[in-house]
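Visitor: I'd like a close look at one part of this structure, the place where the ligand sits. Could you walk me through that spot and then show me a few other places along the chain?

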Amino acid sequence: MNIGWSSGIPLSELKSDVLILILSESEVKGEGFSPDWDGTLRRLGELGLFEGKLHQTYILPSVNPSAFPVTILAGRGGQELRTDDLRLMSASIARAAVKLKAESLVVQLPSEMNIITVEKDTVTTAHVLTEGLLLGSYVRKHYKREQPPYAVISSAVFYMKEQLEAAEGERWTKGIEKGQAFGEATLLARNLTNIPGNLLVPADLAVAAVEIADKYGFPVEVLDEREIGQKGMGGLLAVGKGSVNPPRMIVIRYQGTGHWANVIGLIGKGITFDTGGVSLKRAPGMEDMISDMGGAAAVLGVMEALGRLHPRINVVMVIPSAENMLSANAFKPGDVITSLSGRTIEILNTDAEGRVVLADALTYAREWGAERIIDIATLTGAVRSALGDVATGAVTNDEAFLQELTAASRKTGENLWPLPAYPEFKNMLKSEVADIRNAAGGSGAAITAGLFIGTFAEEMPWIHLDIAGTAFLSKERGVNPKGATGVMVRTLLEWLLSQAV
Ligand code: BES
Ligand code: MN
Ligand code: ZN
C-alpha cells in the first residue's frame, strides 16, 4: 500500500474511491462540522445510525460524488485518543473500505490531530494511523476457482486542511514510514502463517526466507537434511525424519553496525504442520496446526522490516523448520537423541516437538555470535489455558530483559504476560536416561516447556514467547483478523529499534 500525507491544499484537489471523515460525538450532534454535512450528521445521530462513537463507522454516498463517490464516517468518541484507540480506529476505517472494495482512500484528519491524542507525539500518531490502516486492510488469500473481483487498497492519503510546518511534515513522513514497515511486516507474517500445510513445507519456508534476504542483500544460509545431520543437529533431524518433506535450518543475518558484535538472536519455531507425530493429536481443530510456524513467520516479518528501516543493531535470525508427521521413519516416545549442544534428550511425547527443534536453533544462534536471545513459538496448549487468546506468555532467565520487552509491548498494544519460572518446574524435566526429557507430564506445561528451551540458552539472557494462544484467532478481534495475526512482530520491532546505537 502506498501511504502518504497532504496538507494546505483544498480537498477538491484530491480524488479517491473513498473519503473518510473523522467525527467526534459532539460534531455528529450538529455542532458545526461543516455546512455540507451538519444536517445529515444530526439526522444520522437522531436515528441512532451513526453517533460518532469510537470505532463506529458508517458508509454513505458522498455529497460531492465526482471526486469521492463514497464517504466513510468514522467516529472518534468524545475523549482524547490513546494510541491503541487510534490504531483500532484506523483499522476500522480500513475494514469499511475493504467492504466497499475501495482501492484508494483519502482520510481527512481533524486539524491539529495531536490535540485529540493523549500522547501528543506526531511521529507516534502518524505511525499508528498508518499501521492501523494496514492491519485492518488484511484479507486472507483464498484458493477458490472462481476468484471474485479481489480489490486491495493500493493507496491512502492522510489529508489535513491546514498547511503543516516543515518540521511537522517531516514527523508525519517519519511516522508513516515506521508504521508502514511495522504494518507490512505483520501482514507478511500473517500471509505466511495462513498458507495451507501442503503448500508450505520446510523447503518452501526456506525459499520465502531467501527471498526476503535477497531483497535486502542479507547473508542467508539454508541447511538441508544432510547438513543438519552432519552438523549434529539431532533434535531437528529427529522431528523432521517422519516426513517426506525434509527439515531445514534457516539463518539470516542483519548487520547494522560496523562490527558483528552485541548480536541479538531471534529464533522462530517453524513447524509447517504439527500432527503430533506418533503421539498423534486428535482430529478436531488439527487444521489450525498450519499455524505452527507462526513464530518463524514473525521473525521473517521482523527481518523484512529491518530491511526497510535499517537500524544500527545486529541480528541473527534462526528458524528450525520441520513437518511433524507420523510414519515408519518417525521418531518415537522412548527415543534418546543427541542435540547440537551435546545434551541428550529423552523423548516422552513426540507432540512436544517444538522445544526439541528450538534447542538446536538456540545452540546454533550462539555459534553465530548471539549474546541475547528471544525465541518465539506456538509452543503449548497450556498457555491458552492460562492466558486464553488474549495474551502471549513469556518465560525468561533475565527479569530486566523481559521488562524492556514488556515496555515495548505496551506501546504496540500486544499483550505480554510473564509466567513464573520457579526451579520446581525445571526439576520436572529430569530424565533417568538422558540429560533432559522433552515432556514433564503434569501441570505447568507452558512453563516447563519454556524452561526446557531455556536450558539451551546456557548463560545468555533469554526470553521465550509462547504465542500458541495469540498467533491464530478463531474470530476477528481488535486489529486482528480471524486466522493468523502476525502477533509480536511489532513488539519485537519496537524493542529492537530501542536497542539501536
Ligand atoms: N504446536 C503445539 C502447541 C499448540 C497447541 C499450538 C494449540 C497452537 C494451538 C505443540 O507442538 C504441542 O503439541 N504441544 C503439546 C505439548 C505436550 C505434548 C507436552 C501441548 O501443548 O499439548
Ligand atoms: Mn506438537
Ligand atoms: Zn507444535
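Guide: Here is a tour that starts at the ligand and then moves out to other parts of the chain.

A quick word on ground rules: this is a predicted model, where local features need pLDDT of at least 70, side-chain atom pairs count only at pLDDT 80 or more, and totals for chains, interfaces and linings use all residues. Residues are numbered from 1 along each chain as its sequence is written, chains are lettered from A and ligands numbered from 1 in the order in which they are written, and side-chain values use heavy atoms, with hydrogens and water left out.

Now to ligand 1. It has 15 residues around it, and the closest are Lys281, Asp292, Asp351, Glu353 and Gly381. To count as near, a residue needs one of its heavy atoms within 4 Å of the molecule. Sorted by class, that shell holds 8 charged, 4 polar and 3 nonpolar residues. In this sorting, Asp, Glu, Lys and Arg are charged; Ala, Val, Leu, Ile, Met, Phe, Trp, Tyr, Cys and Pro are nonpolar; the others, Gly among them, are polar.

Some side chains come within polar-contact range of the ligand, meaning a pair of N or O atoms within 3.5 Å (within protein, one must be able to donate a hydrogen and the other to accept it, and residues adjacent in sequence count only if both atoms are side-chain atoms). Asp274 puts a polar side-chain atom 2.9 Å from an oxygen atom of ligand 1. For Lys281, the distance from a polar side-chain atom to a ligand oxygen is 2.8 Å. Asp351 does likewise at 2.7 Å. As for cover, ligand 1 taken alone exposes 520 Å², and the protein buries 81% of that. Those areas come from the Shrake-Rupley method with a 1.4 Å probe; for residues, only the protein chains shown count as cover.

The space that ligand 1 takes up is the largest pocket. On a 1 Å grid over the protein atoms alone, a pocket is an open set of points with protein on both sides within 12 Å along at least five of seven lines, whereas a cavity is a set where a 1.4 Å probe fits but cannot get out; lining residues have an atom within 4 Å of a point. A molecule sits in one of these if more than half of its atoms lie within 2 Å of its grid points.

Lys281 also gives us a way out of the site: Lys241 is 40 residues from Lys281 in sequence, and their C-alpha atoms are 18 Å apart in space. You'll find Lys241 in the loop between α8 (234–240) and β8. Helices (H or I, at least four residues) and strands (E, at least two) are DSSP runs, numbered from the N terminus. Lys241 is partly exposed, at 35% relative accessible area; buried means under 20%, exposed over 50%, and partly exposed in between (1.4 Å probe, protein chains only).

On the other side of β8, Thr257 sits in the loop between β8 (248–255) and β9 (263–268). Thr257 counts as buried because its relative accessibility is 17%. Its side chain reaches the backbone oxygen of His259 at 2.9 Å, and also makes a polar contact with the side chain of Asn314, at 2.9 Å.

Next, helix α3 (residues 83–99), which is home to Arg87. Arg87 is buried, with a relative accessible area of 3%. In the loop between α3 and β5 (104–108) you'll meet Lys101. Phi of Lys101 is near 60 degrees, a positive value in a residue other than glycine. At 47% relative accessibility, Lys101 is partly exposed.

Toward higher numbers there's helix α14 (residues 445–455), which is mostly covered, with 10 of its 11 residues buried. Among them are Ile447, Leu451, Phe452 and Ile453. Glu458 follows, in the loop between α14 and β18 (462–466). Although Glu458 is not a glycine, its phi is positive, at about 55 degrees. With a relative accessible area of 30%, Glu458 is partly exposed.

One last stop: Gly478, in the loop between β19 (472–473) and β20 (483–484). Gly478 is partly exposed at 32%. Along the chain Gly478 is 390 residues from Leu88, yet their C-alpha atoms are separated by 6.5 Å.
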